[in-house]
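Please load the model in a viewer and keep the sequence panel open beside it. The tour below proceeds by selection, and each stop states what is to be found there.

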Amino acid sequence: MKCLAPLCVVALLVPTLVLAASLPEPSAPATPAELRQTLAELMREQHLPGASYAVFDRDGTVLSESLGLADHEAGTPVSEDTLFRLGSITKTVTAIAILQLVEQGHFSLRTPVSDLLPAAPIRNAFHTSDPVRVVHLLTHTAGFDDTHAKAFFSPVERRGRHLESSIDHPEPLVVRWRPGTSESYSNPGYVLLGAILEAHYRQPWDEIVSSKVLKPLGIEQATALTSEAAKRDHAEGHSGSDLHRTALPFEQTQAQGALWCNAKDLARLGRFLLTDGASAPGVLRPETVRMMKQAQGTRGAEAQLAYGPGLGLLPRIVNGELWQGHAGGVPGAKASLHFHAGHGMGYVLLVNSENSLRKLEARLAAYIARRTQWKAPTATSLPLPSDVDGWYRLVNPRISLLGLPTYLLSTGQARAQGDLLRITPFVSGLGYEASLKHHGNGLLADMDYGDVVDGVVLRDEGGAVVGLELGGDSLQRTSMVSAVLPLLSVLLALPLLLSAPFGRRKALRNRWTRRLPTLAVLVLVLGIVCATNLQLHLLGQLNWQTVGLWAASLLFPALALAGVAVSVGTWRQEAATLARWRCLLGSASALTLSLWLAAFHLVSFALWRW
């Protein structure tokens, strides 16, 4: 939709963390040699220069292998000691350090963050009744945005300073809904957890987790400093099918994604979680590790949905089975650490490319499943009450900048048909779609991902349906008018605006009647060009792309308003009825689109300040 093209830059803001993916069930490698060959073939197919992987069980590491090149340009091979960027798997380590302090009684999961960090710039309209608590940071349920553009990278490497960074970049720390109701992945929440650790120990975060978590787990070859990793055997970042090298950027903070590690060491962390801490006694109590793996912090978890955020852990559906752990994605690298209690095994997969690793993960999971022969219990299906029928809207976008496209495009109508619940949009391809199977008690399984229950019907205290939680998405019940009319207004406005510039050149006495909507269209094109030329490292900077977007977001509504004023002011002077109506409707359409932009704070929008 062209009117929303300036907002498409949002897709570049943060590497998306995919919690579930629908893939055909892969063939299962039977031996380590067959697994290695399969992964090597997939690496060539997916344009992945290098990888390191490990498979572990409760007793230890079953196998550990390295494939390909750590540096495609130099031809340097990956070794078992090669360090890879872990990205957000770092959050699991931060969570363990926080839970150690909880066990020691320094604070609880329910402690308000403002008690521990009085200077933290949290803006919470619900603070009196629902302050942001430690558990909300751990489970991404505080209602914060994800990282804003200007807070991505630092020109110099920084250690510690997590609270300072939050104070310098407070924009994401606005609570958008009542804490503890909906999940929304938020790196800034883990920056605050890093600040809590530094305030308690009075040391930089990397020193804390090294002494309190990594070394006690037996992880010796890890670092949070990119400058240190660069001196050692490390994997360079790559991107694209040509495997061009990406830079190794410094992050503003570390607690949310700065660690480097190799696969065999990272498997120690996976084994610790799989064994409820038994592989490294003294790091955390068994009951604390079990609590890490429990879904909590959302209304879905309150409704007994097992799929949801844990304490530093997130669910992942692979080959139709529910795994636990964490994934990571940073410029030039991706990582995955996941385990399965039923199989009693887990895997680590590290690659030095931004390209997809999902097919490789599927083969690792299939190898484990073939080895263990564990089978999930047979799922039951039950009829779904018809009171779930109605219209719903997604209300928890990952960042507020997605608010407008989410409001317009993430709606759908739910209809119960026996044990099935289908959600379809008003316009095919423009809205929320899902096919779900009911397994009783309001629990739902997305049919794209097998029989894993990842959704639930939400009801109020009186039993009335108020929403759905599906795979981390919070859908709120709404009316058909609210769901359909906003999208219709945009779909109608677009062709009216685009048609306004066309017509006989001398049909109108006042040429500005047509020139103004024409200029509005050109400004729209300017915004599209600027958005499509933006790259991740440019988002928080003052450059022609961000300035162009700002200018387009300011000029477009100004031209729309001027166009309506000129059309109305010269209405009686113009004899060409069709031409004057087309121009008036074109300018009015531009004004309609401008009002939507203004409603979501996107007029005069400067990415370098966001």
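Does glutamine 373 count as buried or exposed? Select this residue before reading on; the model is a predicted one. Glutamine 373 counts as exposed because its relative accessibility is 53%, and the cut-off for that class is over 50%. The residue is found in the loop between helix 12 and strand 15 (390–394). Its backbone also deserves a check: glutamine 373 has a positive phi of about 60° although it is not a glycine. Most residues other than glycine have a negative phi.

**The open sheet**

Step back from that loop to helix 12, residues 358–372. This helix lies across strand 1, strand 2, strand 11, strand 12, strand 13 and strand 14, and it runs at about 160° to strand 14. Now display the sheet itself: seven strands form an open sheet in the order 3-2-1-14-13-12-11, with antiparallel pairing. Its edges are strand 3 (76–77) and strand 11 (314–318), each of which pairs on one side only.

At the strand 11 edge, select strand 12 (residues 321–330) as well; strands 11 and 12 pair in the antiparallel sense over five bridges. Within this pairing, isoleucine 317 stands opposite leucine 322 in strand 12. Helix 9 (residues 263–274) also packs on the sheet, where it touches strand 1 (50–57), strand 2 (60–71), strand 13 (333–340) and strand 14 (345–351). The direction of helix 9 makes about 35° with that of strand 1.

**The barrel**

Next, select strands 15 to 22. These eight strands close into a barrel in the order 15-16-17-18-19-20-21-22, and the pairing is antiparallel. Neighbouring strands of this sheet are turned by 30° against each other on average, direction ignored. Strand 15 and strand 22 (residues 473–478) run antiparallel and are joined by four bridges. To view one residue pair, select arginine 393, whose bridge partner in strand 22 is glutamine 476. Helix 14 packs on this sheet and touches strand 15, strand 16 (411–417) and strand 22. Its direction makes about 55° with that of strand 15.

**A nonpolar surface patch**

Remain with helix 14, residues 480–499, and select methionine 480, which has its place there. With a relative accessibility of 47%, methionine 480 counts as partly exposed. Add Phe426, Val481, Leu485 and Leu488 to the selection: together with Met480 they form a nonpolar patch on the surface, with about 460 Å² of accessible area together.

**A buried glycine**

Move to glycine 180, in the loop between helix 5 (162–168) and helix 6 (187–201). Is this glycine buried or exposed? Glycine 180 counts as buried because its relative accessibility is 13%, and the limit for that class is under 20%. Show its surroundings: residues up to four places away in sequence aside, glycine 180 touches His136, Thr141, Gly297, Thr298, Arg299 and Glu302. A distance label can be added to alanine 301, which lies 121 residues away along the chain, with 9.9 Å separating the two C-alpha atoms.

**After helix 17**

The last stop is histidine 601, in the segment after helix 17 (577–599). Histidine 601 has a positive phi of about 60° although it is not a glycine. The residue is exposed, with a relative accessible area of 68%.

Notes: Residues are numbered from 1 along each chain as its sequence is written. This is a predicted model: local features need pLDDT of at least 70, side-chain atom pairs count only at pLDDT 80 or more; totals for chains, interfaces and linings use all residues. Side-chain values use heavy atoms; hydrogens and water are left out. Two strands pair if DSSP finds at least two bridges between them. Helices (H or I, at least four residues) and strands (E, at least two) are DSSP runs, numbered from the N terminus. Contact means heavy atoms within 4.5 Å. Axes are lines fitted to C-alpha atoms, for helices over the stretch in contact, and angles run from 0 to 180 degrees between N-to-C directions. Patches are made of residues with over 30% relative accessible area and no salt bridge: like charges are joined within 9 Å, nonpolar side chains (Val, Leu, Ile, Met, Phe, Trp, Tyr) within 5 Å. Accessible areas come from the Shrake-Rupley method with a 1.4 Å probe; for residues, only the protein chains shown count as cover. A salt bridge is a side-chain nitrogen of Lys or Arg within 4 Å of a carboxyl oxygen of Asp or Glu. Buried means under 20% relative accessible area, exposed over 50%, partly exposed in between (1.4 Å probe, protein chains only).
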